[in-house]
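Here is a short tour of one protein, written to be read with the model in view. Take a moment to turn the structure around before you read on.

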Amino acid sequence: MLPVLAVVILAALASRELHLARMGLSMLTLAILIGMLVGNTLYPRIATHCHEGVVFSKGQLLRLGIILYGFRLTLAQVAAVGVNSILADALMLTTTFFLTCWIGIRWLNIERHTVWLMGAGSGICGAAAIIATAPVVRAESHNVIVAVATIVIYGTVGIFLYPYMHAAQWWPVADAPFGIYIGSSVHEVAQVVAAGKAINDTVANLAVTTKMIRVMMLAPFLLVLSYWMSRYAHHDSASRRLVIPWFALAFIGVMLFNSFIHLPPAVLDAINTFDNWLLAIAMAALGMTTHHSTLRQAGIKPLILGAIVLVWLVVAGGALQTWLAG
């Protein structure tokens, strides 16, 4: 893992220097761009030697970064998000999943296992939801690969699109509703962090809080899906295991700790600085696995479906927050 860790750390350092040079982009956004540059040039030649390091960086390091992000939040902030956040998450999850299934299966004739995974990934929390949903619907590895590929592509688009919409004032809402908008409609947790941080800390904090509420909805979603699958087809009990992302529970635990135990400001600053580095390294690793071959792997129909779902998330999510804010 050491060679690729050196590469992603260098990418994170480069992103920090470019950010300090006031390039107009956040450190996390620059990290994923540098990672994508490496991913399309150097990484394909050394992928077999660096696979474990990339998986570790965008997996364990990312989850640790999300857990430590809890030190930026308190219960008071979660309470400030309020019912609107929960309502937005629930509405976007259910409508996105059913819309994806309807268009993908009925109109585009895509294999239903792939469509189910894309609906879960787009509606809840990206690759984590896809991996958790796969055993429930008894999907095969190629279904997972195609679903994850579309999430990576269109979630990455979202990292740049949402900050642009905020700057261009596409939706007449304040920072708080826009944070909920990002958290309830962007695919991956990492992409939510990057998109929110590209705007400001207020938006990022609300976006991550909303997103983590959305992640926690994975458990009831899988339970309902498992019941529906048992009615749709006969599956053994092992295929209906309920999987809850452990890092979401740890994030909540850290947030509760930060709500009741007040650490010195210097300690919090050190934790947040370390957390920024972890997230930048994870973004660089995520970018390294985003290359042009992903497009060929996904195929044209899943890409069309992914684009339609992205438009739905952007338009429906923005309209919902405009309505709630009004």
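Residues 24 or more positions apart account for 81% of this protein's contacts with a separation of 6 or more, where a contact means heavy atoms within 4.5 Å. What you see is a predicted model, in which local features need pLDDT of at least 70 and side-chain atom pairs count only at pLDDT 80 or more, while totals for chains, interfaces and linings use all residues. Residues are numbered from 1 along each chain as its sequence is written, and side-chain values use heavy atoms, leaving out hydrogens and water.

The protein has 15 helices and 0 strands. Both are DSSP runs numbered from the N terminus, with at least four residues (H or I) for a helix and at least two (E) for a strand. Of its 326 residues, 53% count as buried; buried means under 20% relative accessible area, exposed over 50%, and partly exposed in between, using a 1.4 Å probe and protein chains only.

Now look inside. The largest nonpolar core has 103 residues. Such a core is a set of buried Ala, Val, Leu, Ile, Met, Phe, Trp, Tyr and Cys residues joined through side-chain atoms within 4.5 Å. Helix H13 (residues 265-288) gives the most to this core, with 12 residues. Among the residues with the most contacts inside the core are Ile 66 and Met 212. Met 212 is also in contact with Ile 66 itself, as well as Val 189, Phe 247, Ala 248 and Phe 251, leaving aside neighbours within four places in sequence.

An unreviewed UniProt entry annotates several stretches as "transmembrane region", including 115-137 and 212-230; such annotations may be inferred rather than shown by experiment. Here are those two stretches:

| Stretch | Helix | Strand | Distance between end C-alpha atoms |
|---|---|---|---|
| Residues 115-137 | 96% | 0% | 11 Å |
| Residues 212-230 | 95% | 0% | 28 Å |

Helix H5 covers residues 112-125. At 1.5 Å a residue, its 14 residues should span 20 Å (1.5 Å times one less than the number of residues), and its end C-alpha atoms are 19 Å apart, which agrees. Of these 14 residues, 13 are buried. Just after H5, Gly 126 takes a positive phi of about 65°.

Is Val 173, in the loop between helix H7 (141-168) and helix H8 (175-185), buried or exposed? Val 173 is buried, with a relative accessible area of 16%. Not counting residues up to four places away in sequence, Val 173 touches Phe 178, Gln 321, Thr 322 and Ala 325. The C-alpha atoms of Val 173 and Gly 318 are separated by 8.9 Å, although the two residues are 145 apart along the chain.
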